[in-house]
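Work through the exercises below with the model open. Each task is followed by a stepwise solution.

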Amino acid sequence: MDEPELQEENASLRRQLAELQMARQAEREQLEQQLISEKEAGDQYAEAAQNHFLELQALKQNMVKLTKQLDDEVMRKDQAMSEAATLERRLVEAESGAPL
């Protein structure tokens with residue numbers, strides 16, 4: 001090859017190299033943007049999952065509280081019914097003249 005052909009091939013190779021470097025840089029920027037987007041989506045998903053977990057914990061605590069409250073109410077009702085039965089029995093005994 002003579003000098004002009006070498007210079008032309010050298011210029012062609014430099015252009016190809018520059019094009020490849022630009023393509024590589026564009027691809028890298030695209031991948032970085034994709035990574036940022038996916039990280040943001042992952043962070044949002046994690047935050048949503050944490051919020052759901054906290055909501056479930058609050059519901060669980062409320063359920064425990066309500067269950068205890070219901071148990072207390074049932075116990076009070078049973079005590080009231082027992083006292084009412086005792087008083088009713090005493091009333092029947094008093095009406096029948098039996099000693100208390």
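**Exercise 1. Classify Asp72 as buried, partly exposed or exposed.**

Solution. This is a predicted model. Start with the value: Asp72 has 24% relative accessibility. Next, apply the cut-offs: buried is under 20%, exposed is over 50%, and partly exposed lies in between. Asp72 therefore counts as partly exposed.

**Exercise 2. Find the salt-bridge partner of Asp72 and classify that partner's exposure.**

Solution. Step one: the side chain of Asp72 meets that of Lys68 in a salt bridge, 3.3 Å from N to O. Step two: place the pair. Lys68 and Asp72 both lie in helix α1, four residues apart, about one turn of the helix. Step three: Lys68 has 52% relative accessibility, so Lys68 counts as exposed.

**Exercise 3. State how many salt bridges the structure holds, then describe the ones formed by Arg28 and Lys39.**

Solution. The structure holds four salt bridges. Take Arg28 to begin with. Its partner is Glu32, and the closest N and O atoms are 3.2 Å apart. Both residues belong to helix α1 (residues 3-96), with a spacing of four residues, about one turn of the helix. Arg28 is partly exposed, because its relative accessibility is 47%. Glu32 is also partly exposed, at 38%.

Now take Lys39. Its partner is Asp43, with 3.2 Å between the closest N and O atoms. Lys39 and Asp43 are again in helix α1, four residues apart, about one turn of the helix. At 54% relative accessibility, Lys39 counts as exposed. Asp43, at 42%, is partly exposed.

**Exercise 4. What secondary structure does the chain have, and what are its overall dimensions?**

Solution. Count the elements: one helix and zero strands. Then read the extents. The C-alpha trace spans about 140 × 15 × 10 Å along its principal axes. Check against a globule: the chain has a radius of gyration of 42 Å, whereas a compact globule of 100 residues would have one near 13 Å.

**Exercise 5. What percentage of the chain's residues is buried, and how much accessible surface does the chain have?**

Solution. Buried residues make up 0% of the 100 residues. The accessible surface comes to about 9500 Å². Carbon and sulfur atoms account for 57% of that surface.

**Exercise 6. How many positive and negative side chains does the chain have, and how far apart are the centres of the two sets?**

Solution. Count by sign: 12 side chains are positive and 22 are negative. Then compare positions: the centres of the two sets lie 12 Å apart.

Terms used:
Residues are numbered from 1 along each chain as its sequence is written. This is a predicted model: local features need pLDDT of at least 70, side-chain atom pairs count only at pLDDT 80 or more; totals for chains, interfaces and linings use all residues. Side-chain values use heavy atoms; hydrogens and water are left out. Helices (H or I, at least four residues) and strands (E, at least two) are DSSP runs, numbered from the N terminus. Buried means under 20% relative accessible area, exposed over 50%, partly exposed in between (1.4 Å probe, protein chains only). The radius of gyration is taken over C-alpha atoms; the globule rule is 2.2 Å times the number of residues to the power 0.38. Accessible areas come from the Shrake-Rupley method with a 1.4 Å probe; for residues, only the protein chains shown count as cover. Lys and Arg count as positive and Asp and Glu as negative; His and the chain ends are not counted. The place of a charge is taken as NZ of Lys, CZ of Arg, CG of Asp or CD of Glu.
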